[in-house]
Amino acid sequence: MTPSFDNVLVLGGGVAGMAAARTLGDRNITVHLVEAADQLGGHAASWACMATDVCRHCGACLARDMAHQTALHPKISIHLNTTLDTLEKIGQGFDIRLTSGETIPAARIILATGFSPFAPDPSLLPGLHFTEHDKVITTTQLNQMLKDETLTDFLGTATPPEIAFIQCVGSRNRRLERDFCSQVCCKISLRHTRKLLHILPDAAITLFHLDLQTIGKETRCLAADLSLMIEMAQGIPAEILEDQDTGRLRLVTEDPGTRSRIARSFDLVVLSVGMSPSPELEKMASRLGITPNHWGFFNTKDASLADGIYAAGCAAGPKDILGSKQEGCIAAAKVLEDMGHKPEKQTDVLVWGDGAQAVTIARTLAKKGHRTICFNRNIPDTKAASGQEITFTDPGKILSVDGVAGHFTIRHETDGTKKTVTCKTIIAAPEPEFTTPAGQGTFSKAIDIDAFSRIPVDQLSDTSVILLDYTGPEYKAASRLALTSAMAAQNTGRQVTVVMHKMLVHGALGQQLYDQARKAGVKFLRVNTPGDIQIQPTKTGFSVTLDEATLPGIPITLLCSTLAIGVSPLPGPDFENTAGLLKQRLDREGFLQSANIRHRLTQSPRRGIYFAGTCHDEVDDTDLAAELNDIMAGIDFTGPVRDFGVEVNQKKCVQCLTCLRICPHNAIVLNEKSRPEIVAEACFGCHLCVANCPALAIASEQFSTDQVAALAGKGQVAVLACQRSAALAAGPLDLPGHIRLISVPCACRINQNLVLKTLLNGADKVIVTGCHEENCQSMDGTATAAAEVDRLLAIPGITPDKVSWHSVAANETRTFARILSDAKIS
């Protein structure tokens with residue numbers, strides 16, 4: 001059989017597999033999505049929502065939303081409860097037989113088989129006594145309890161409960177030949193901890209860790225907030241014991257003040273387990289002709305994939321939900337490119353940034369054939385390679401950014417002359433400021449870590465000290481540079497000491513690199529705060545005295561010829577102005593791009609505007625390359641434009657321009673007659689404009705006030721549910737007859753008129769439901785709907801038993817069921 005070059009097989013229906021399938025399907029490729037379980041979504045679909053008062057950006061709700069959209073896609077055939085049976089390579093493609101008996105010809109295969117949570121085998125980790133004590137559970141088990149809302153019953157009468165988290169169970173363990181960091185476990189435990197405190201505000205929680213991996217957008221903020229609420233203890237207890245008298249669990253650990261051994265009692269111990277390869281991957285490897293590394297992944301050079309086979313998501317290596325989604329899109333774009341599906345036409349791209357990252361982005365895009373303009377005030381060599389269209393220009397002062405995806409207009413002023421640039425896509429990549437005291441005052445002879453890494457080997461001093469996180473929080477790029485430069489110096493006979501609060505071991509080889517540095521003789525000393533370090537210049541260098549965290553009361557003095565200090569990125573002085581021009585938000589730390597998971601990792605609520613580099617996230621060179629591939633996948637292989645059936649009735653429009661001002665996606669522009677017009681390519685279909693037009697001039701084909709209000713029968717409870725959150729949560733439920741679920745495109749479609757008309761039509765009560773705050777695709781849909789409900793409740797006769805608001809994520813089915821069970825007919 002000759003394989004069809006329009007068929008692609010995706011093995012694994014988790015987040016990466018669904019992202020790949022949808023990207024391919026949008027380019028009219030027939031996709032066979034094969035999933036061993038009975039539903040799409042992978043592990044993410046079984047994960048609990050971590051929202052508290054606001055969304056905590058875990059991304060788990062995306063799995064349910066993606067599964068819904070994937071099931072509706074006309075180019076995707078879904079094969080559940082199915083795996084690969086046999087495979088034969090034929091020419092450039094494959095002849096595949098599934099365990100269902102179906103035979104599929106395919107041109108390419110994407111391997112997205114996900115992961116398996118590490119099982120704490122008692123024979124390998126006997127000190128944990130897992131399976132011996134019912135109150136010793138894994139993060140996977142805790143997650144299920146949170147999702148099922150059974151945790152408080154499980155804890156019993158313990159008030160307030162004392163809970164311990166033990167990190168790195170099955171990760172960063174050389175003895176188990178698992179000397180890698182699973183990348184996500186610390187963030188999971190931080191979110192679990194915040195969720196527990198939301199449910200059990202009096203709980204006393206201790207988080208035991210090796211080095212808390214606070215990597216990623218707003219993760220440091222979360223860790224900093226939690227450090228004021230819980231105890232974060234450096235060091236992992238070796239054994240979990242049981243108090244025979246009380247039945248409580250006891251951990252032997254160190255007293256942070258005296259460093260004496262003490263036993264502490266807990267009501268629950270949570271083992272934060274790492275990631276292992278999927279058992280399906282292990283079964284299929286030989287049949288696919290692929291060779292994973294000794295961990296079972298494809299994230300190192302010694303792993304190999306056969307021609308025509310691509311790995312994505314956690315099949316490639318441990319990563320979080322958003323990273324898996326990104327990698328699925330990138331794998332699909334690579335498949336399209338290799339199959340000869342080139343973009344119909346190249347895109348005019350504006351890269352916005354003054355640093356080296358913007359130059360890298362611009363040159364990469366130009367190399368791929370895109371016509372590229374780089375706004376860069378530190379103009380590099382302006383010569384483009386042969387056949388490339390790239391222009392570097394000093395924009396002077398940027399005045400405005402107007403238009404929509406495909407039709408942006410940027411006005412700027414240089415030397416008193418106003419100029420205009422047009423483009424189809426904008427990539428924001430300004431660089432942050434990097435602060436260090438090196439070269440100033442007491443540190444006038446010190447250098448920053450970047451300068452230290454560039455010193456030729458034969459010019460290195462005999463003794464050096466690196467202060468890794470002295471000036472601010474540690475960042476992964478600085479941690480990696482400290483390890484590589486310290487080891488390079490140590491290997492030439494020099495002595496290097498790294499003083500740190502904690503070490504970040506990101507990436508596939510981060511832990512191995514840390515181990516290699518220690519083996520090479522690099523000394524690592526730990527402090528709790530920068531105040532534990534005293535530095536004095538000497539005639540030959542510096543004297544560094546510190547209170548080492550593991551040796552309290554015993555000052556350690558280091559004499560060195562070279563003192564290198566880590567740098568900390570801070571939001572650039574122009575970030576706020578840049579965000580304003582792009583009509584985008586900053587995150588909690590002041591960096592570009594909101595933490596809203598609906599648009600990350602690189603996109604924005606304004607189609608056609610992307611973020612790349614350290615302006616918006618903790619990004620190293622490897623991450624930047626992935627971001628560029630993700631962005632190019634978006635601009636090269638765009639899906640079909642969706643018509644949401646929303647249109648401005650120009651005869652009714654009074655040109656108040658309310659719609660133009662409030663659109664969260666900047667999808668409404670003024671046409672040649674200075675009248676508002678909705679641009680389909682930029683619209684997300686939220687219907688905020690429909691709900692807020694004072695002249696009722698914006699019509700909706702499916703979600704007009706009369707249409708929606710008429711859906712609830714007399715005496716029913718009308719549940720107005722966002723289609724990306726509460727409506728999906730209701731999917732598994734068998735709703736009683738008095739409940740009428742009405743799916744709306746976004747909670748912001750709901751206004752007072754709609755609710756009142758629903759009640760006037762005979763509904764007994766109205767329940768308004770939407771995403772958690774900071775999770776809405778249209779940014780403020782949740783806040784808008786909640787505010788509308790508050791205004792309704794201010795009307796005499798409208799009481800909370802008639803109209804109410806609830807936040808419900810797509811994966812909070814149990815929560816939604818509880819809300820509905822309380823909705824009795826009056």
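**Helix contact, strands and one loop residue**

Modeller: In this predicted model, Val15, Ala16, Ala19, Ala20, Thr23 and Leu24 of α1 meet Ile321, Ser324, Lys325, Gly328, Cys329, Ala332, Val335 and Leu336 of α9.

Colleague: What makes that a contact between α1 and α9?

Modeller: The cut-off is heavy atoms within 4.5 Å, and the residues just named in the two helices satisfy it. By class, the contact has ten nonpolar, three polar and one charged residues. Gly328 is one of the residues in α9, and it goes with the polar class because Gly is counted there.

Colleague: How do the axes of the two helices lie?

Modeller: The axes of α1 (residues 15–25) and α9 (residues 321–338) come within 7 Å and cross at roughly 35 degrees. The crossing is right-handed.

Colleague: Why is β28 called largely enclosed?

Modeller: Buried means under 20% relative accessible area. Four of the five residues of β28 (residues 463–467) are buried, so the rest of the structure largely encloses this strand.

Colleague: Which strands does β28 pair with, and how do you know that they pair?

Modeller: Pairing takes at least two bridges. Five bridges join β28 to β29 (residues 495–500) and four join β28 to β34 (residues 562–565), so both count as pairs. Both run parallel to β28. Ile466 stands opposite Val498 in β29, and Leu467 has Ile565 in β34 as its bridge partner. With helix α12 (residues 476–490), β28 and β29 make a right-handed β-α-β unit.

Colleague: What makes β31 and β33 edge strands?

Modeller: Each of them pairs on one side only. The sheet is open, has three strands in the order β31-β32-β33, and its pairing is antiparallel. From one strand to the next the twist averages 15 degrees.

Colleague: How do you know that β31 pairs with β32?

Modeller: The requirement is at least two bridges, and β31 and β32 (residues 542–546) have five, in the antiparallel sense. Ile533 has Leu546 as its bridge partner in β32, and Ile535 stands opposite Val544. The two strands form a hairpin with four residues between them, and Gly541 in the turn has a positive phi of about 160 degrees.

Colleague: Why is Asp801 called partly exposed?

Modeller: Its relative accessible area is 47%. Buried ends at 20% and exposed needs over 50%, so Asp801 at 47% is partly exposed. Asp801 sits in the loop between α21 (781–793) and β44 (803–807). Asp801 and Lys765 are 36 residues apart in sequence and 7.2 Å apart in space, C-alpha to C-alpha.

Conventions:
Residues numbered from 1 in each chain as written. Predicted model: local features only at pLDDT ≥ 70, side-chain atom pairs only at ≥ 80, totals over all residues. Heavy atoms only, no water. Axes fitted to C-alpha atoms, helices over the stretch in contact; angles between N-to-C directions. Buried < 20%, exposed > 50% of the residue type's maximum accessible area, 1.4 Å probe, protein only. Left-handed = near helix turned anticlockwise from the far one by under 90°. Right-handed = clockwise from strand over helix to strand, strands pointing away.
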